[in-house]
Each structure stands twice: as structure tokens, then as C-alpha cells.
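Please read this report with the sequence and the model side by side. It goes through helices, metal sites and charged pairs in turn, and each paragraph is best followed with the named residues in view.

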Amino acid sequence: MTLFPRKLEEWYKTFTKEERNWLIIALIIALIMSTTTLTWHALDREHQVPVETMEVAPDVFMEKAMRFSMEYAGKVIPEGVDIYLAGVQFRWIPKELKLKKGVTYKIWISSGDVLHGFSLLGYDGTVYNVMVMPGMAYAVNVKFDKTGVYEIRCNEYCGLGHQYMIGKIVVVE
Amino acid sequence: MRDIFKGSFEDIFSRINIGFAIILLALGGLFGVLQLLSRTPGSPIKVSAATYYQILTGHGVFLAVAFTLFFIMGLTVFMSTRILKVDINRLLLKISLCMTLLGAVLAAVSILTGKARVLYTFYAPMKAHPFFYIGAALLILGSWFTAFALFLQYLKWRKQNPDREIPVPIFGLLATWIVWIEATIPVVIDVLKVYLPMALLGASVDVLEARTWFWFFGHPLVYFWLLPAITLWYYLIPKRLGVELFSKKMAKIAFILFIIYSTPIGLHHQLVDPGVDARLKYLHTVLTLIVGSASMLTAFNILATLERAGRKAGGGFFGWIIKLPWRDPIFSGMILALIAFGFGGITGIINTSYQLNNVVHNTSWIVGHFHTTVGTAVALTFMVASYGLLTELFNRKVIAYSLARIHPYLWVIGIFIFSMNYALAGLAGAPRRTYDLTFGGMAPEIWYTYLKAGAVGGVIFALAGAIFVLIFILSILVNKGEEVRIFKFGNPHENLNEKHSVIDNIKLWIVVAVILIILGYSIPLYQLYSQGLSLVPPVAKGL
Ligand code: HEM
Ligand SMILES: [Cu+2]
Ligand SMILES: [Cu+2]
């Protein structure tokens, strides 16, 4: 098998000027886009891609989330406590989280059964979406700068009651 | 009607595939309208939740998977036999037709009887009836035989023409099927290793494993849809205009970029998945942006061709634009498809942009995105090409040609209204794949405005689709062929130059593609398996 029967530069010369220029422009645009998206990632603190994950069996995680939900039902979650949020057909456990303004929390998110989607929607227009995967927990670090109510919806189809999966984060002083 | 099944086997094969594709388009479109109305707040027409997710599965499978595949199979054989003018292996085509039809029927039965409400992405650990997965496997394996038939036909041609360049449309079709093979090997692995054991034996699954193989397939899949559309643009637009394509070489380079770059970028669908290394996510982002440059080459090539034609017809600096044949639906449809693809490309770049993805992921923004890409750039191109196929393949006169002239414009107007509003709703946080978007009255007001406006656009393009389907079916049923050769689809009088030692060297590009796929996927797969699988039981309840 001959892969390169002719010299490379000979090949390059067979392009017209327009063809060559456009090819180069297209590649430069791609490179600019790649660097901007990386720079943006470094500068934008609002939409970080979470990196921390943990393998965990669905039933184990469910138990953690239930225990957490019982312990902090109706209470403001103190700083430094890891939060466990489970999606399960067709609700969030716990259904509501009370967080303090200006405090950074780590929320472990996972599923008790099928895939779900964690979609956070703030009254201020904040939108943030990550996948909720059974067998794997995702750590999302959040800090809210304003008080108010943020809604959590499931945005990955998980069954016939998918549209009823609504939760809440209430941010207080 | 009966003479549809007369003629060479190759043509019968194409007619069956394309006819079946149009039926699927009609059915899927009907589902689309029902979904659209059901999810619009305040609409009087609303199906039940169970029906909604059932027809949503049907919509995705029938349109995105089956309509495209069958149309492409028919189109491939139609074009390759006419352009290459060498025999194609009929036995392979027969096997292909039987397997794909059987697969489609099995999958359709499982969906229509409500045994597979898993959507067209069938994410584990949701479990559907085994027919669904067996049908999918048959569909894919069957389609490989069409690919083999094309490859053999090409090799035969190559033997007879050892030093000619590959005609651009054939280059496009070869690229299409090479990408299809690249795409489907991982999904076959996925189905055999994860889904069939789950569906048949109730075996536990690792969700990340299933998703990684799935999107290893899922991204090149979209290029499998797109490449035949681009092939048609390159082939038919210059023909309608009576000029040469601006640059055959650039066209082939664009196809080469698709062959080598379409696969090692699938992680851009998993940018917000846990368990995938962030650096790999970024790597796939960059590779995706590079494959974007192939689309820019295409746009440049087509636009330069248009300018050449318009100027030849006497247009000036901008005047050439009005000199173009805008009343010709095949021409206007393809140019509108190209423009829609521009918007699809821009939204696509946002989807793939690493952390912007977590703003739009799984929102109705995505619905706006793929109705301009597969839903228009591909579907509209196939629809208007069908007007040509009616005369050249089905030997029919197109009825109501004046309506056919309106169809592409109506479709694109509808799509823009629909997609723009759905995209905006997505930015405001409205999810996709959701039956009731009012969330018991908890949804923001602004969603209602966008969804209602989007519904207006949806109804408009559904109407355009209905016009097309009626024209197609009625032309076949009532309008027996007369000699109206307005169209020169299968009659290329292209001069083929001497072959280019690098560009026309398909073997080389396959080797490069394999190397890049290994580079792009060896680390993700290594990480996936070395961190140990995290098995979870399948779930069939609640679906
Ligand atoms: C005939 C007019 C059509 C209408 C009214 C329509 C409407 C819709 C709507 C409203 C959705 C969103 C459903 C949801 O997320 O809950 C959707 C999804 C989708 N549509 Fe269409 N559509 C049409 C044609 C097409 C065409 C021609 C294609 C492609 C060839 C297509 C491909 C898709 C795909 C792949 C999905 C995603 C399904 C999923 O999320 O599982 N649609 N369509
Ligand atoms: Cu859900
Ligand atoms: Cu993709």
C-alpha cells in the first residue's frame, strides 16, 4: 500500500490562491474558538464544569440522601456540610434545600434508578444543567449571592411522571 | 402504481427505500405535530403523558434514524449506479433491504405497542422490549450490506478507471458510508455488550459505559445524515445553475475532514456527565471546532458557485443574487437548507463550547438546534431532491408544481419561527423531552410566550411538510410518467481529471481516521474501564 506516492509540497501547490486562503481562514477560526472557550472557562465562575465524581451504588446513595433529608428537614444547612441530593422516579430527595447566602456548598448529586437531569433555574435567570447518573455521583459546588428561590427540575426523560419532578433551593440570609 | 416495481432491481431497491422513507417522514411528522400541540400551554389538543413519550420515541426513531437511513440507502444506489455506470452486487442489496425492513418493523412494533418508551437515545438503565434493540441491531447490520455493495462497486469502477479522479458525488457517498461504518461499530458493541444482555437476561449495566459507546456512535451519526445532503448540494446546485462547482478539490477536502474528524468528538455530548475526565471533554471540544471548519469550506464553495452562476447570468456586485433561479424548488430548497445549516452550525458551536453546554444542555434550545440541522439542512434537502427523484427514478410528473415552489419557503419560515422561539425558551430554562411544561403553574411566564410562538412556527412547517408528502404520494398514484426531463440527476457529463495522488486516496484517509479515533477514544475508554464499572440494575417500571 503506497500512502504518499507524491511529495507533500507538490500536493499543496495544486490549490488555487482562494482555496488556500479559505482553508487557512477556516482553521484559524477554529483555533480562535478553541482558545476563547478555554479562556472563558478560566474566567467565568458562573458556569464551571464540575470535575469531582464518586462511584456509588444507587441504593447506597439513596440511603445517604434520605438520611440527609431527615436530618436537615426544614433547617438551614450549616457551612461545611456535604449535601446529598438524589433524583428518583419522580421526585428529588430532599425536596427542598435551605442554604445560606454567600456560603459555598458542595452538593453531591446522583440517581436512585434511571438517568435524570439536574436543571437549576433562578428567578434571576440563572440556568445550570448537569446529568444525574445512577452509579456515579457528581459534586457541584454552589454559592448563591442573593436570597430567593431557585427551582430544580428534571430535564432528562426518566419515565411517565418526568414532568412532575420539581425541587427547590431556598437561599436565606 | 404497479410499474413502480418494474425496471432494474437497483431502481426498485431505491424506490422501495425512498418510498418507505417518505412514509416514515409523514408518520413522524404527524407525531411531531401532536407533541408540539400537547406541550404548548393552553392548547386544546393534548395527548396523555404515556402517548406523548411513546410518540416522542417514534418521532426520534422514525425521523432521525429510519427516514434518514432509508432515504440515504435509496439515494446512494440511485446515484452510484448512474454515475459510476458499473454493476452493483444485487445479492448484497437484497440482504440489506430484507434486514433493514425487518429491523424497522420490529422496532416500530415495539414502539407503537407502547413497549419501548425509552426515546430514540434509549439510555440505560431504562429497559425496553427486546424487539427494540434487536430491531435496531438488524437495521444497522443490514445497512452495512448497502455500504459493502457501494464499496465493491467503487472498487470495480476503480479497476476500470485506474487513473481518473473520483467524481465529487461518489466521493461524498463513499465518505457517507465510511462515516456510517465508523459510527455504527461502537453502537453495535454497545447493543451487544450492554443492551441485549440487559433486555434479554436482566443483566446490570454501567450507565457511563453505555453512554460512552452510545455517543461514540451518536456524533458521527449526525454526519452520516449530513454528508448525503452536502453531496446533493455539491452535485445538484451547480447542475441547476448550469455551471461547474467552484472547487472540486475543496469539496473533497471537506469530505475528508468529515471522514477523519467526525468520530473522535463524541464526548461533546457528555460535557456534563460525571465520571468523564475534564481534559478529555476539552479535547473533544477542540476537535469539534476543527470539524466545524469543514462546514465553512462547504459554505464557501457553494456560495462561490452561486456567485459565478449569477454573474454569468449578468448580475453585478450584488445583482447576481436576484439572477439565481429562486422559483426552482430544488435550487431554492437546497440554498435554504444551507442557510438553515448556518444557524444550526452556530447553535451547535454553542452546544459544544465546553462550559456553555451546561446552560443549554437538555433544554429546548437543543430542539431548536436540531430542527435546523437534521430537521432542515438534511430533511429539506431530501424533500426537494425527491421532486427530482419523482421524475428520474419514479418516472412521474410532479403534480402541483406551483405548490412545490412554495414548499421550501414555507418550511424554512416555519422552522425559523419554531427554532428561534424554542431556543429562547431553552435559554430561559425550559427543558426538552417534557410533556407538560407548565409544571403545575410553577413555570415562568416567559416560557408560555416562547412556546406559543414556537407552536405557530411548528404548525407552519408541518403544513409545508404535508404539502410535500401529498405532492409526492399523489404524483406517484395518479401522475403517470411523461417525458418531462427538467432534471438531470443521473446524467453526469462531468469531465474527470487525472486522479489526485493524495486527495483521491481514500485508503489513506481511512487510515488517518482510524488513528484519530484511537487517539480520541483510547484514553476515555481506558479510564472508563480502569476506574471499574459501577453496575446498576435495569429499570422497566414507570416507563
Ligand atoms: C413535521 C414537523 C415537526 C414538528 C412539528 C416537530 C416537533 C418537535 C417537537 C415539539 C420536539 C420536542 C419534543 C420534546 O422535547 O418534548 C421534537 C423533537 C425532535 N424532533 Fe421534531 N418536529 C418535526 C419534524 C422533525 C424532523 C423532520 C426531524 C428530523 C428529520 C425531527 C427530529 C426531531 C428529533 C431528533 C427530536 C428529539 C427527540 C427526543 O428528544 O427524543 N423533527 N420535534
Ligand atoms: Cu425526568
Ligand atoms: Cu455531536
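The expected span of a helix is 1.5 Å times one less than its number of residues. With that in mind, helix α14 of chain B, which runs over residues 506-530 and has 25 residues, reaches 35 Å from its first C-alpha to its last, close to the 36 Å expected. The model described here is predicted, and the predictor gives the complex an ipTM of 0.89 and a pTM of 0.94. For chain B the mean pLDDT is 90, and 97% of its residues reach 70 or more.

**Two bent helices of chain B**

Although its span is close to the expected one, helix α14 of chain B bends by about 35 degrees at B:Tyr521, and a proline, B:Pro524, follows within four residues. Both B:Tyr521 and B:Pro524 belong to the buried residues of this helix, which also include B:Trp509, B:Gly520 and B:Leu528.

Helix α2 of chain B, made of the 36 residues 49-84, reaches 50 Å from its first C-alpha to its last, which is close to the 52 Å expected at 1.5 Å a residue. This helix bends by about 35 degrees at B:Ala66, and it is mostly covered, since 33 of its 36 residues are buried. After the helix comes B:Lys85, whose phi is positive, near 55 degrees.

**The iron site**

Which residues coordinate the iron atom of ligand 1? They are B:His59 and B:His371, each through its NE2 atom, at 2.0 Å. B:His59 lies in helix α2 of chain B and B:His371 in helix α11 (residues 364-392) of chain B, so the pair ties together parts that are 312 residues apart in sequence. The site of this iron atom is octahedral, with angles of 86 to 179 degrees among its six donor atoms. B:His59 counts as buried because its relative accessibility is 14%, and B:His371 is likewise buried, with a relative accessible area of 15%.

**The copper sites**

The copper ion that is ligand 2 has its protein donors in chain A, namely A:Cys154 (SG), A:Glu156 (O), A:Cys158 (SG) and A:His162 (ND1), which lie 2.0 to 2.6 Å from the ion. These donor residues are spaced C-x1-E-x1-C-x3-H in sequence. Is the site of this ion regular or irregular? With angles of 83 to 126 degrees among the four donor atoms, the site is irregular, because a tetrahedral site would need all angles to lie between 85 and 135 degrees. A:Cys154 is buried at 0% relative accessibility, and A:His162 is buried with a relative accessible area of 0%.

For the copper ion that is ligand 3, the protein donors are B:His219 (ND1), B:His268 (NE2) and B:His269 (NE2), lying 1.6 to 2.0 Å from the ion. Their spacing in sequence is H-x48-H-H. B:His219 lies in helix α6 (residues 207-241) of chain B, and B:His268 in the loop between α7 (248-261) and α8 (278-312) of chain B, so the pair ties together parts that are 49 residues apart in sequence. B:His219 counts as buried at 8% relative accessibility, and B:His268 counts as buried at 8% as well.

**Salt bridges**

A search of the whole structure finds 16 salt bridges over all chains, and the table lists some of them.

| Pair | Closest N to O distance |
|---|---|
| A:Glu156 and B:Arg433 | 3.0 Å |
| B:Arg90 and B:Glu10 | 3.1 Å |
| B:Arg164 and B:Asp163 | 3.7 Å |

A:Glu156, already met as a donor of the copper ion (ligand 2), also forms a salt bridge with B:Arg433. A:Glu156 lies in the loop between β9 (148-154) and β10 (166-172) of chain A, and B:Arg433 in the loop between α12 (401-427) and α13 (445-478) of chain B, so the pair joins two chains. Both A:Glu156 and B:Arg433 are buried.

The side chains of B:Arg90 and B:Glu10 meet within chain B. B:Arg90 lies in helix α3 (residues 90-112) and B:Glu10 in helix α1 (residues 9-38), so this pair ties together parts that are 80 residues apart in sequence. B:Arg90 counts as partly exposed at 40% relative accessibility, whereas B:Glu10 is buried, with a relative accessible area of 7%.

In the pair of B:Arg164 and B:Asp163, B:Arg164 is partly exposed at 29% relative accessibility, and B:Asp163 is partly exposed with a relative accessible area of 42%. Finally, a network of salt bridges links B:Glu165, B:Lys248, B:Lys252 and B:Asp504.

Note on methods. Residues numbered from 1 in each chain as written. Chains lettered and ligands numbered in written order. Heavy atoms only, no water. Salt bridge = Lys/Arg side-chain N within 4 Å of Asp/Glu carboxyl O. Buried < 20%, exposed > 50% of the residue type's maximum accessible area, 1.4 Å probe, protein only. Donors = N, O, S within 2.8 Å, 3.2 Å for Na, K, Ca; no water. Tetrahedral: all angles 85-135°; square planar, octahedral: opposite > 155°, others 65-115°. Bend = angle between axes of the 7 residues up to and from the residue. pLDDT = per-residue confidence, 0-100.
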